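Got the viewer open? Let's take a walk through some charged pairs, then drop in on a lysine and the core.

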Amino acid sequence: MTQLYRLDCSAADVAARFGAHAGDDPWAGGYIAPAKFAPVVTAGREYVAGPRPAGGRLQPRITPRLWGVEPPPNSDNPARRITSVRNTDSPFWIGNLRNSEFRCLIPATAIMLWGSGIDYEGRRLRHWFAPEIPLSGGATFAMAGVWKDEDVPGFAILTQDARGAPKDAGSRSMPIVLPADDAAHQTWLHGGWDKARALAEKPAQVALHNIDTGEV
């Protein structure tokens, strides 16, 4: 699973790409690592978690969230935040996933995944990936995410078994990259869990290719 990704555009660019309200988000581009803040796209109420008001959908907006949520009380390492979701049936996640106001889009322009080999210095190989086919609206794509309402609200990225180029590089898992069309984004942000889950559990619809540039 990735522990690093890039979002090489501003909050305003993200807002334009996903039809969201940028607000005062200061993001100007760069790396995102666990326990760091990143812009995510949500469509719930602005200041508090809970059901949306009746009468229609809310406009998506960019909201800063910390990458990683607090682990359950019985965790072996209570200081280590959870950055990914593999088991969507887990009691730890299912309540948030069933309530669409907690689902979010995680904008990115490239994903780092661990490979199976090592470099000449004995370090585990890192590979960078992005969608193979250029997406409408530019290079920014959306990973499926979910957030939790904590003292410092955090998010995690949904994952699936690696396939295609990531699997060939030795990666075991990869983020779920949502199709580029607005219908898929709206399903993830607003749809019932049955439709959102069906979207997420389909075989990878967006092929990733290796864009290694020598970055670490």
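Select Asp-89 and Arg-197 to start: their side chains meet in a salt bridge, 3.0 Å from N to O. Asp-89 sits in the loop between β5 and α2, while Arg-197 belongs to helix α5 (residues 193–201), so this pair ties together parts 108 residues apart in sequence. Keep in mind that this is a predicted model. Asp-89 is partly exposed, at 44% relative accessible area, and Arg-197 is partly exposed too, at 24%.

Next, pick Arg-86 and Asp-161, whose side chains form a salt bridge at 1.9 Å, N to O. Arg-86 is in the loop between β5 and α2 (91–98) and Asp-161 is in strand β10, so the contact ties together parts 75 residues apart in sequence.

Now go to Arg-81 and Glu-150, another salt bridge, with the closest N and O atoms 3.5 Å apart. Arg-81 lies in the loop between β4 (61–67) and β5 (84–85), and Glu-150 in the loop between β9 and β10 (154–161). Add Glu-70 to your selection: salt bridges with shared partners join Glu-70, Arg-81 and Glu-150 into one network.

From there, move to Lys-148, in strand β9 (residues 141–148). What is the nearest side chain of opposite charge to Lys-148? Glu-150, but it is 6.0 Å away, and the buried Lys-148 has no salt bridge. Show Phe-92 instead: its backbone oxygen is 2.7 Å from a polar atom of the Lys-148 side chain. Other residues touching Lys-148 include Val-69, Trp-93 and Pro-153.

Last stop: the largest nonpolar core, with 56 residues, where Tyr-5, Met-143, Phe-155 and Trp-188 touch the most other members. Strand β9 gives the most to this core, 6 residues.

Technical notes:
Residues numbered from 1 in each chain as written. Predicted model: local features only at pLDDT ≥ 70, side-chain atom pairs only at ≥ 80, totals over all residues. Heavy atoms only, no water. Helix = DSSP H or I, 4+ residues; strand = E, 2+ residues; numbered from the N terminus. Buried < 20%, exposed > 50% of the residue type's maximum accessible area, 1.4 Å probe, protein only. Lys, Arg positive; Asp, Glu negative; His and termini not counted. Salt bridge = Lys/Arg side-chain N within 4 Å of Asp/Glu carboxyl O. Polar contact = N/O pair within 3.5 Å; in protein donor to acceptor, adjacent residues only side chain to side chain. Contact = heavy atoms within 4.5 Å. Core = buried A, V, L, I, M, F, W, Y, C linked by side-chain atoms within 4.5 Å. Lists of a residue's contacts leave out its neighbours within four places in sequence.
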